[in-house]
Amino acid sequence: MSTATASDLAHFQQILREGIPDVLPPARPLDPSVSHAPKRKDILTAEEKKLALRNALRYFHPKHHATLAPEFAQELQEHGRIYMYRLRPEHPMHARPIDHYPAKSRQAAAIMLMIQNNLDPAVAQHPHELITYGGNGAVFQNWAQYRLVMQYLSEMTDEQTLVMYSGHPLGLFPSHPDAPRVVVTNGMMIPNYSTPDDWERFNALGVTQYGQMTAGSYMYIGPQGIVHGTTITVLNACRMIKSSPGTKGKLFVTAGLGGMSGAQPKAGNLAGVVTICAEVNPAAAHKRHSQGWVDEVISDVDECIDVALAWQKKGEAHSIAYLGNVVDLWERLAARKIHVDLGSDQTSLHNPWAGGYYPVGLSYEESNALMVQDPAAFKQRVQETLRRHVTAVNTLAEQGMYFFDYGNAFLLESKRAGADIAGKHGEEFRYPSYVEDIMGPMCFDHGFGPFRWVCTSGDAKDLSTSDRIAGDVLEAMLIEAPAEIGQQIADNLHWIRSAQQNKLVVGSQARILYADSEGRIRIAQAFNEAIKKGEISAPIVLGRDHHDVSGTDSPYRETSNIRDGSRFTADMAVQNFVGDAFRGATWISLHNGGGVGWGEVINGGFGMVLDGSADSDRRLKSMLHWDVNNGIARRAWARNPNAVWSIEQEMKRTPGLKVTLPNEAEDELIDQLIRE
């Protein structure tokens, strides 16, 4: 290490240990080169704005209040939130090697690394507002919280736990080595205070935040996380089209190129289809193009369609970002009677009134202005757009398109807008959620979900080694796999063997694949052994998206294929969170809100550090088994046949596991007793 580098590292470590500085750094103007969050709704009363200022100032010694109070008041007026831009650190924000973090606990250092990865400008959607993805998925509410958390983590021992209340570090509390090092909750509201406007109000007050799924859990790995799930979804969606097997020459039309949705065109390429993905924000579209996640950007709708048709004719995968409103695209496809094979949408409709979805007929800039100046008119324009959106989709679906809701609340918000979205035979919606048709029965009911890991060395060689190890495990499993799960193992084996050439890394040296309980445990054990032997040079962080078999109760997405009436309950996610805590997770998280919206879902997540020790081996076996099979057992009780099969196999394999199984009642018996 050079003297300059050593000096930089020492300064970086000093800043992290310092917490909130005694001498305030100079005020900092907004950086125009970075994407910033839209102005939030002006929803607080005058008295509530005073309370918001008091809440913000309590992080600082009174000697700073006269300086900071007017500054924070201006931020609240201009942005609708107090982000404390002055406190944003000068050091570059990215995941450094684990040994660069000043920490007494190796586990704490890994968490520091993951937090910085979530705020890396290459990863985060609005990094200076501490928002990772989804328009409002935040790691912290403000930069004072970031500084305090890093200070606490630098001081933490393995006999302490940091307690996090919606971005606020409540403090370090004595615990024990088997306890989680960090316990995170985000947005855990009293149920009657969980509407979108409640989020606007209480977030503006500085007392809660929307952690999305992996943003506030410190487990986001950039668009790779969703590109894998989207690839699996597109592959299996194509299998739903029985009249035309395979992916070659199929046209996939969707929208959104932001934090999560930005993975869609890359996934389309990996799956082998031609993709058109609409995006109204030029910065988002060009960012994905520069990152290689979309092949080209076209602003003329007819040119966009013509280029897609040319690639279809060639039978080659290609992706196009249509720079414009998705409704213009859908309506033009319908007018030209273009056959679309697959259709979906991944705009942030969980957040429709604050930048998640934009009305047709207005530019991006005009929409952002109307959103602030006349929220009621903006809402009206959005709902009019949704009605037109659905009309065009219906036209194409009647011509043979397979359309699915991609878990972004498209069906729900379209229904609320009065669109023609109701099912034709008494079903709630005309179209299925992708979980109902695809991910639920094919993946979640069998325990397959988004297992992911991060190499804390930051060394690409370690990631390459981990890819090889994971592939070898899946290859061995495929030989003995029952027919019920063979296709999923084969899809993921292909994914991991081609991961290096597809250049999926953005931010940390991370990887994802879908695996069941047995696969996750066997891969994790192999990683731990490789760390022990020195084949992998530093610890690995295990985690997952909350979009999984057990971690999330979301009636319009993850649990939409649970049809016993319990999809509106949240016992599973809470039990998952609690069970992970005492089975060995390094940190755990529980959130209100996710991709489908505040008040619409409860998510439980975890992170686990593998360090090559026998203790890590003990923890991973216990926790990963529970983390998957909790959800399979619940899905089995809901009478999902694939889940019943899976939990029966697991009970044969695992001593001590005894799950309550359902008994089926004959339809004829029930129908005789209850008549319409």
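**Close-up views of a predicted model**

**Figure 1. Helix 19 and helix 20 are roughly antiparallel to each other.** This view, like those that follow, is taken from a predicted model. Helix 19 covers residues 571–583 and helix 20 covers residues 614–637; their axes come within 9 Å and cross at roughly 165 degrees. An angle over 145 degrees counts as roughly antiparallel, and the two helices are therefore placed in that class. The crossing of helix 19 and helix 20 is right-handed. Arg 583 lies over the face of Trp 626, at 4.3 Å from the ring centre.

**Figure 2. Helix 2 and helix 3 are oblique to each other.** The axes of helix 2 (residues 46–57) and helix 3 come within 10 Å, and the angle at which they cross is roughly 130 degrees. The crossing of this pair, helix 2 and helix 3, is right-handed.

**Figure 3. Six strands form an open sheet with parallel pairing.** The order of the strands across the sheet is 8-9-7-6-10-11. Strand 8 (296–298) and strand 11 (402–403) are the edge strands, each of which pairs on one side only. Strand 8 runs parallel to strand 9 and is joined to it by three bridges. Within this part of the sheet, Glu 296 stands opposite Ile 320 in strand 9. In general, the strands of a sheet pair through backbone hydrogen bonds, either parallel or antiparallel.

**Figure 4. Strand 7 is largely enclosed by the rest of the structure.** The strand consists of residues 274–279, and six of the six are buried, so the surrounding structure largely encloses it. Val 274, Ile 276 and Ala 278 point one way from strand 7, while Thr 275, Cys 277 and Glu 279 point the other way; all are buried. Strand 7 is joined by five bridges to strand 6 (residues 251–255), and the two run parallel. Six bridges join strand 7 to strand 9 (residues 318–323), again with the two strands parallel. Cys 277 takes part in the view on both sides: Thr 254 stands opposite Cys 277, and Cys 277 stands opposite Ala 321 in strand 9.

**Figure 5. Aromatic rings pair in the structure, which holds 21 aromatic pairs.** One of them is formed by Tyr 83 and Tyr 85, whose ring centres are 5.6 Å apart and whose planes lie at 50 degrees, so the pair is tilted. Both Tyr 83 and Tyr 85 are buried. The rings of Phe 140 and Tyr 146 have their centres 6.2 Å apart; their planes are at 70 degrees, so this pair is edge-to-face. Phe 140 is buried, with a relative accessible area of 0%, and Tyr 146 also counts as buried, at 1% relative accessibility. A pair of aromatic rings is described by the distance of the centres and the angle of the planes.

**Figure 6. Phe 252, Tyr 402, Phe 404, Tyr 406 and Tyr 434 form an aromatic cluster.** Ring pairs link these residues. Phe 252 falls within strand 6, which comprises residues 251–255, and Tyr 402 falls within strand 11 (402–403), an edge strand of the sheet.

**Figure 7. The charged end of Lys 314 sits over the ring of Trp 311.** The charged end of Lys 314 is 4.0 Å from the centre of the Trp 311 ring.

**Figure 8. Met 84 and Gln 212 have positive phi values although neither is a glycine.** Most residues other than glycine have a negative phi. The phi of Met 84 is about 60 degrees, and that of Gln 212 is near 50 degrees. Met 84 is placed in the loop between helix 3 (65–79) and helix 4 (106–118), whereas Gln 212 lies in the loop between helix 6 (196–205) and helix 7 (224–240). Met 84 is buried, with a relative accessible area of 1%. Gln 212 counts as buried at 2% relative accessibility.

**Figure 9. Leu 396 is found in helix 13.** Helix 13 spans residues 375–398. Buried residues are those under 20% relative accessible area, and Leu 396, at 2% relative accessibility, therefore counts as buried. Leu 270 is 126 residues from Leu 396 along the chain, and the C-alpha atoms of the two are separated by 25 Å.

Terms used:
Residues numbered from 1 in each chain as written. Predicted model: local features only at pLDDT ≥ 70, side-chain atom pairs only at ≥ 80, totals over all residues. Heavy atoms only, no water. Buried < 20%, exposed > 50% of the residue type's maximum accessible area, 1.4 Å probe, protein only. Helix = DSSP H or I, 4+ residues; strand = E, 2+ residues; numbered from the N terminus. Pairing = 2+ DSSP bridges. Phe/Tyr/Trp six-rings, centres within 6.5 Å; stacked < 30°, edge-to-face > 60°. Lys NZ or Arg CZ within 6 Å of the ring centre and 35° of its normal. Axes fitted to C-alpha atoms, helices over the stretch in contact; angles between N-to-C directions. Parallel < 35°, antiparallel > 145°, perpendicular 65-115°, else oblique. Left-handed = near helix turned anticlockwise from the far one by under 90°.
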